[in-house]
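Welcome, and please open your viewer. We will go from stop to stop, selecting a few residues at a time and looking at what is there.

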Amino acid sequence: MEKIKNFFKSKSYGFYVTVAVVLLTLITSIVYADSYGKNERYMSWAGFAVMLAGIFVAAGLTAFKRCEFAPQGLALANFVARMVYITNFYNYVVVVMVGIDISSFSTQFIACTTLFAILLVASVANIFFKQSKEEK
């Protein structure tokens, strides 16, 4: 119990933001997989795996007391996942904008796009926060 107290005593506010970004990454990956898991045209399991890998990298770096690098790994993974997401949905956005077959965006698309945008902003902002109190 004393080790746990000492572990959290040395953490700064950035660590807790990292935990929140990890939870948001998990929520985004679940929403993305639930929304498009059965649609091979729009679902990228590679992007999903990159997001989960980012979570494990952040957790591993924190476990090995290298938490100052966790936000960078998480931001990189979330950026790559977002780029894969954009690549998969490019044609869908073009079709909706031109009004060829579909005239409006689906609820799943709006939810996933919003979550990916919030996730990317939070990940990049978290890079600049102190993760532990002994960092300079």
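The tour below starts with the whole chain and then visits its parts.

**Before you click**

This is a predicted model, so local features need pLDDT of at least 70 and side-chain atom pairs count only at pLDDT 80 or more, while totals for chains, interfaces and linings use all residues. Residues are numbered from 1 along each chain as its sequence is written, and side-chain values use heavy atoms, with hydrogens and water left out.

**Stop 1: the whole chain**

Show the chain as a cartoon. You should find five helices and zero strands, in the order α-α-α-α-α along the sequence. Helices here are DSSP runs of H or I with at least four residues, strands are runs of E with at least two, and both are numbered from the N terminus. The C-alpha atoms fill a box of roughly 60 × 25 × 20 Å along the principal axes.

Now switch on the surface. The accessible surface is about 8200 Å², and 70% of that belongs to carbon and sulfur atoms. Such areas come from the Shrake-Rupley method with a 1.4 Å probe; for residues, only the protein chains shown count as cover. Of the 136 residues, 36% are buried. Buried means under 20% relative accessible area, exposed means over 50%, and partly exposed lies in between (1.4 Å probe, protein chains only).

**Stop 2: Phe8**

Select Phe8, in helix α1 (residues 2-9). Phe8 counts as partly exposed because its relative accessibility is 40%. Leaving out residues up to four places away in sequence, Phe8 touches Phe15 and Tyr16; contact means heavy atoms within 4.5 Å. Next, add Ser132 to the selection: Phe8 and Ser132 are 124 residues apart in sequence, yet their C-alpha atoms are 9.1 Å apart in space.

**Stop 3: Ser29**

Move to Ser29 in helix α2. Is Ser29 buried or exposed? Its relative accessibility is 1%, so Ser29 counts as buried. Apart from neighbours within four places in sequence, Ser29 is in contact with Phe48, Met51 and Leu52.

**Stop 4: Arg66 and Glu68**

Side chains of opposite charge can pair when their charged atoms come close. Show Arg66 and Glu68 as sticks: they form a salt bridge, and their closest N and O atoms are 3.4 Å apart. The rule asks for a side-chain nitrogen of Lys or Arg within 4 Å of a carboxyl oxygen of Asp or Glu, and it gives a count of one salt bridge. Arg66 is partly exposed at 40% relative accessibility, and Glu68 is partly exposed at 24%.

**Stop 5: a patch on α4**

Select Leu76, Phe79, Val80, Met83 and Ile86, which form a nonpolar surface patch with about 420 Å² of accessible area together. A patch takes residues with over 30% relative accessible area and no salt bridge, joining like charges within 9 Å and nonpolar side chains (Val, Leu, Ile, Met, Phe, Trp, Tyr) within 5 Å. Ile86 sits in helix α4 (residues 70-98) and is partly exposed at 38%.

**Stop 6: helix α5**

Finish by selecting residues 107-126, helix α5. Which residues of α5 are buried? They are Phe109, Cys112, Leu115, Phe116, Leu119, Leu120, Ser123 and Asn126. These cover an arc of only 140° around the axis, so they lie on the same side of α5; the arc is that of the directions from the helix axis to the C-beta atoms. They pack against α2 (13-36), α3 (45-63) and α4. Turn to the other side of α5, and you meet Thr107 and Val121, which are exposed.

Notes:
The expected span of a helix is 1.5 Å times one less than its number of residues.
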